[in-house]
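Got your viewer open? Here is a short walk through the model, one selection at a time.

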Amino acid sequence: MKQVFSATYTLEDLPTVVKDWIAISSQFPSVYLFRGQMGAGKTTLIKEIGEQLGVLQSVQSPTFSLVNEYQNAAGDIIYHFDLYRLKNVREALDIGIEEYLDSGHLCLIEWPEQAEALWDFPHIEINISTQDEKHRHLTAIWHE
C-alpha cells in the first residue's frame, strides 16, 4: 500500500484536482475503488473524471443497474459501478464483474465495501472524506 495522491478541494477546485490526477494515473492499474460516506462526492468525482476523459454520454450513478458503460471520442470504454445495493459478493459475480475487471478498461467502482473479497489484485483506492460543508479531502492509495 502506498499513497500516491492527496488533495483537499472544493467543488470549484474539482476540475483541477481531476486534471492533476489524470496526469499521473496512467502508471497505475485500471481499477479504482471509491470509498466515502454517503454524500461525500464519489459520483461527482466520477462525473468529472468522465468529463475530462471525453465521455460522450451523461455520467450517472448506476444505482439500480449496478454498472454503466461509457465511451469517449477515442473509443475508450469506461465502466462505472455502484455496488451499494448488493446483498453479497455472489450478486457481483452474477453480473460478470470479473470479466469487466479483467477487460483492461477503466473500472470506477463506488461502494466497494459491498464486495470486499474481490479486491485481491492491484488497484487504486480513492478515499473521500468531508472536511466541512465546502471542502473534501481525497487520498489515492495504490494496492500492489
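**Stop one: a helix**

Start by selecting Leu-14, Val-17, Val-18, Trp-21 and Ser-25: these are the buried residues of α1. Keep in mind that you're looking at a predicted model. Now look down the axis of α1: its buried residues fall within an arc of 95°, so they line one face of the helix. Swing around to the other side of α1 and pick Lys-19 and Ala-23, which are exposed.

Next, show what sits over the buried residues of α1. The cover includes β1 (2–9), β2 (31–35), α2 (42–52), β6 (123–130) and β7 (136–143).

Want to check the length of the helix? Take the C-alpha atoms at the two ends of α1 (residues 14–25): they are 16 Å apart, which agrees with the 16 Å that 12 residues should span at 1.5 Å a residue.

**Stop two: a strand**

Move on to β4, residues 77–82, where 6 of the 6 residues are buried. In a regular strand, side chains alternate between the two faces of the sheet. Turn on the side chains here: Ile-77, Tyr-79 and Phe-81 point one way from β4, while Ile-78, His-80 and Asp-82 point the other way.

**Stop three: the neighbours**

Add β3 (residues 67–71), which runs antiparallel to β4 and is joined to it by 5 bridges. Click Asn-68, and you'll find its bridge partner in β4 is His-80. The two strands β3 and β4 make a hairpin with 5 residues between them, and Gly-75 in the turn has a positive phi of about 90°.

Finally, select β5 (residues 106–110): β4 and β5 run parallel, with 5 bridges joining them. Here His-80 turns up again, with Leu-108 as its bridge partner in β5.

Conventions
Residues are numbered from 1 along each chain as its sequence is written. This is a predicted model: local features need pLDDT of at least 70, side-chain atom pairs count only at pLDDT 80 or more; totals for chains, interfaces and linings use all residues. Side-chain values use heavy atoms; hydrogens and water are left out. Helices (H or I, at least four residues) and strands (E, at least two) are DSSP runs, numbered from the N terminus. The expected span of a helix is 1.5 Å times one less than its number of residues. Buried means under 20% relative accessible area, exposed over 50%, partly exposed in between (1.4 Å probe, protein chains only). The arc is that of the directions from the helix axis to the C-beta atoms. Contact means heavy atoms within 4.5 Å. Two strands pair if DSSP finds at least two bridges between them.
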